[in-house]
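Hi,

Here is the structure I said I would pass along. Have a look at it first, and then read on for what turned up.

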Amino acid sequence: MAQFNEKVFAAVREIPAGKVVSYSQIAIRAGSPRACRAVGNILHSNPSQQNAPCHRVVHNDGRLAEAYVFGGKGKQEALLKSEGVEFFSNGSVDMDKYRFIYS
């Protein structure tokens, strides 16, 4: 499991500022496409925002994490806005505009 954890954090570290990815994208990148929930649990245990910018990981439909580890949904939104990410009126990210695609 430690190896999967590191793959998850490595995938998150690849996300550039001003972009987001979904939990499922991280699971695929880490080699376990069906492990979306595990990705969420791993990111919730992130010891440091500097370890991996997990605020850039959102639900596939652009919704933010209700239990964002470093201060809740409001903190995640503020961090993304500080990077230039814009939100729809319903509070979700425009995934067509801001989704990062791994190469």
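How many aromatic pairs does the structure hold? Just one. Bear in mind as you read that this is a predicted model.

**The aromatic pair**

The partners are Phe100 and Tyr102, with ring centres 5.1 Å apart. Their planes sit at 75 degrees, and anything over 60 counts as edge-to-face, so that is the label this pair gets. Are the two residues buried or exposed? Phe100 has a relative accessible area of 18%, and Tyr102 comes in at 14%. The cut-off for buried is under 20%, so Phe100 counts as buried, and so does Tyr102.

**Cysteines**

You may well be wondering about disulfides. A search of the whole structure came back with zero. As a reminder, a disulfide is a covalent bond between the sulfur atoms of two cysteines. For Cys36, the closest cysteine sulfur belongs to Cys54 and lies 16 Å away, which is too far for a bond. To count as a disulfide, the two sulfurs would have to be within 2.5 Å. Seen from the other end, Cys54 is in no disulfide either, and its nearest cysteine sulfur is that of Cys36. As for their surroundings, Cys36 is partly exposed, with a relative accessible area of 27%, whereas Cys54 is buried at 4%.

**The largest pocket**

Next, the pocket. The largest one has a volume of about 210 Å³. It is lined by 13 residues, and those closest to its centre are Tyr23, Gly40, His44, Ala65 and Ala67. Which element gives the largest share of the lining? That is helix α3, residues 36-44, which supplies three residues. Sorted by class, the lining has eight nonpolar residues, four polar ones and one charged one.

**A buried asparagine**

Last one: Asn46. You will find Asn46 in the loop between α3 and β2, the latter being residues 57-58. Asn46 is buried, with a relative accessible area of 4%. What does its side chain reach? The side chain of Asn46 gets to the backbone oxygen of Ser48, at 3.2 Å. That falls inside the 3.5 Å limit for a polar contact.

That's the lot from me. Shout if you want to go over any of it together.

Cheers

Notes
Residues are numbered from 1 along each chain as its sequence is written. This is a predicted model: local features need pLDDT of at least 70, side-chain atom pairs count only at pLDDT 80 or more; totals for chains, interfaces and linings use all residues. Side-chain values use heavy atoms; hydrogens and water are left out. On a 1 Å grid over the protein atoms alone, a cavity is a set of points where a 1.4 Å probe fits but cannot get out, and a pocket is an open set with protein on both sides within 12 Å along at least five of seven lines; lining residues have an atom within 4 Å of a point. Grid points are joined across faces, edges and corners, and a volume is the space filled by probe spheres set on the points. Helices (H or I, at least four residues) and strands (E, at least two) are DSSP runs, numbered from the N terminus. Ala, Val, Leu, Ile, Met, Phe, Trp, Tyr, Cys and Pro count as nonpolar, Asp, Glu, Lys and Arg as charged, and the others, Gly among them, as polar. Rings of Phe, Tyr and Trp (its six-membered ring) pair if their centres lie within 6.5 Å; planes under 30 degrees apart count as stacked, over 60 as edge-to-face and the rest as tilted. Buried means under 20% relative accessible area, exposed over 50%, partly exposed in between (1.4 Å probe, protein chains only). A polar contact is a pair of N or O atoms within 3.5 Å; within protein, one must be able to donate a hydrogen and the other to accept it, and residues adjacent in sequence count only if both atoms are side-chain atoms.
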